[in-house]
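Let's work through a few exercises on one structure, each with its solution spelled out. Have your viewer ready and try each task before reading on.

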Amino acid sequence: MELRTLRSFLIVAREENITKAAAILHITQPSLSRQIMQMEEELGVKLFRRSKHNIILTEKGRLLKRRAQEVVELADKAVRELSQNEEVISGEISIGCGETRNMEELTRLMVAFQEEYPEVVFDIYTATADDVKERMDNGLTDLGLLLEPVEITRYNFLRMPRKERWCVLLRKDSPLAEKSVITPADLQGQRLIMAKRKSVQNELENWLGKYYDQIKVVATSNLSYYNRSMMVKNNLGIATCHEFQNAYEELCLRPLEPEISNGSVLIWKKAQVFSPAVIKFIEFIRNLL
């Protein structure tokens with residue numbers, strides 16, 4: 001399957017309309033329709049459900065869209081890397097990041113690196129540790145800044161300096177807000193919003209001990225302090241999270257006692273072929289960290 005065909009498929013999937021997609025691609029509608037039909041015949045699956053006004057991706061179509069986006073993104077990344085001037089350190093360094101305060105330290109490193117190599121551009125992708133590692137394994141992301149606990153045996157890594165303390169995010173009018181710290185016993189009967197990652201849930205379950213069965217998990221979330229804050233603000237429950245800069249007057253953070261804290265690691269794939277810019281950046285941060 002040609003890269004050009006995948007690009008056409010992605011335009012159709014985005015527009016959900018053959019006529020609009022054909023106009024964007026500057027080809028005729030029958031020609032684009034034939035491309036899609038040939039893709040379906042080649043793959044032996046239906047990619048779209050057709051209606052009077054638009055076409056919608058099937059389940060198989062959604063899977064192909066995800067993989068096609070990865071293929072096209074990887075191809076574009078390769079073109080950018082190959083077109084770099086070998087005498088000048090330039091190009092893009094892609095970093096996948098979880099939500100961690102160590103991003104402040106990483107940002108300082110990025111600023112210092114760009115002062116020395118001003119032609120380098122950073123591309124930041126925010127996601128969970130599992131998503132970041134998947135992108136790294138597929139060659140879409142060069143490095144990952146991940147919050148522990150996380151499995152990193154297949155990666156080289158540098159440990160970041162700052163520890164992340166666990167807290168509970170709650171409304172200021174909650175009785176728990178009067179406490180300076182939150183113990184496992186304090187969470188009995190509480191409606192809890194937890195992280196979605198199993199490794200993080202296991203850590204919290206271990207901290208709660210015998211009280212784990214006495215809480216009610218009402219929601220899980222993978223990322224976004226904003227989304228979690230909105231759920232707490234509107235009384236869905238209280239949320240466990242790492243300490244962050246709270247921007248909402250109605251909410252407050254209280255640390256857990258006994259304390260739980262996690263580190264962060266900056267990782268990259270072992271035996272990976274990187275662009276000159278990425279190689280220089282890894283050498284740079286090794287020296288500074």
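We start with a cluster: Phe113, Tyr117, Phe122, Phe281 and Phe284 form one aromatic cluster. Before digging in, note that this is a predicted model, where local features need pLDDT of at least 70, side-chain atom pairs count only at pLDDT 80 or more, and totals for chains, interfaces and linings use all residues. Residues are numbered from 1 along each chain as its sequence is written, and side-chain values use heavy atoms, with hydrogens and water left out.

**Exercise 1. Take the pair Phe113 and Phe281 and work out its geometry and its setting.**

Step 1: get the rule straight. Rings of Phe, Tyr and Trp (its six-membered ring) pair if their centres lie within 6.5 Å; planes under 30 degrees apart count as stacked, over 60 as edge-to-face and the rest as tilted. By this rule there are eight aromatic pairs.

Step 2: apply it. The ring centres of Phe113 and Phe281 are 5.0 Å apart and the planes sit at 75°, so this pair is edge-to-face.

Step 3: place the partners. Phe113 belongs to helix α5 and Phe281 to helix α9, so the pair ties together parts that are 168 residues apart in sequence. Helices (H or I, at least four residues) and strands (E, at least two) are DSSP runs, numbered from the N terminus.

Step 4: check burial, where buried means under 20% relative accessible area, exposed over 50%, and partly exposed in between (1.4 Å probe, protein chains only). Phe113 is buried at 0%, and Phe281 is buried with 0% too.

**Exercise 2. Lay out the open sheet of five strands and find what packs on it.**

Step 1: write down the strand order. It runs β4-β3-β5-β13-β6, with mixed pairing; two strands pair if DSSP finds at least two bridges between them.

Step 2: pick out the edges. These are β4 (120–126) and β6 (155–159), each pairing on one side only.

Step 3: look at the twist. Neighbouring strands are turned by 25° against each other on average, direction ignored. Axes here are lines fitted to C-alpha atoms, for helices over the stretch in contact, and angles run from 0 to 180 degrees between N-to-C directions.

Step 4: zoom in on one pairing. Strands β3 (residues 91–97) and β5 (residues 143–147) run parallel over three bridges, and Gly96 stands opposite Gly144 in β5.

Step 5: add the helices, with contact meaning heavy atoms within 4.5 Å. Helix α5 (residues 103–116) packs on the sheet, touching β3, β4, β5 and β13 (264–269), and its direction makes about 165° with that of β4. Helix α9 (residues 276–288) touches β3, β4, β5, β6 and β13, at about 55° to the direction of β3.

**Exercise 3. Which side chain meets Arg50 in a salt bridge, and how accessible are the partners?**

Step 1: set the criterion. A salt bridge is a side-chain nitrogen of Lys or Arg within 4 Å of a carboxyl oxygen of Asp or Glu. The whole structure holds 20 of them.

Step 2: find the partner. Arg50 bridges to Glu40, with the closest N and O atoms 3.6 Å apart. Arg50 is in strand β1 (residues 48–50) and Glu40 in helix α3 (residues 29–43), 10 residues apart.

Step 3: compare accessibility. Arg50 is partly exposed at 47%, while Glu40 is buried at 7%.
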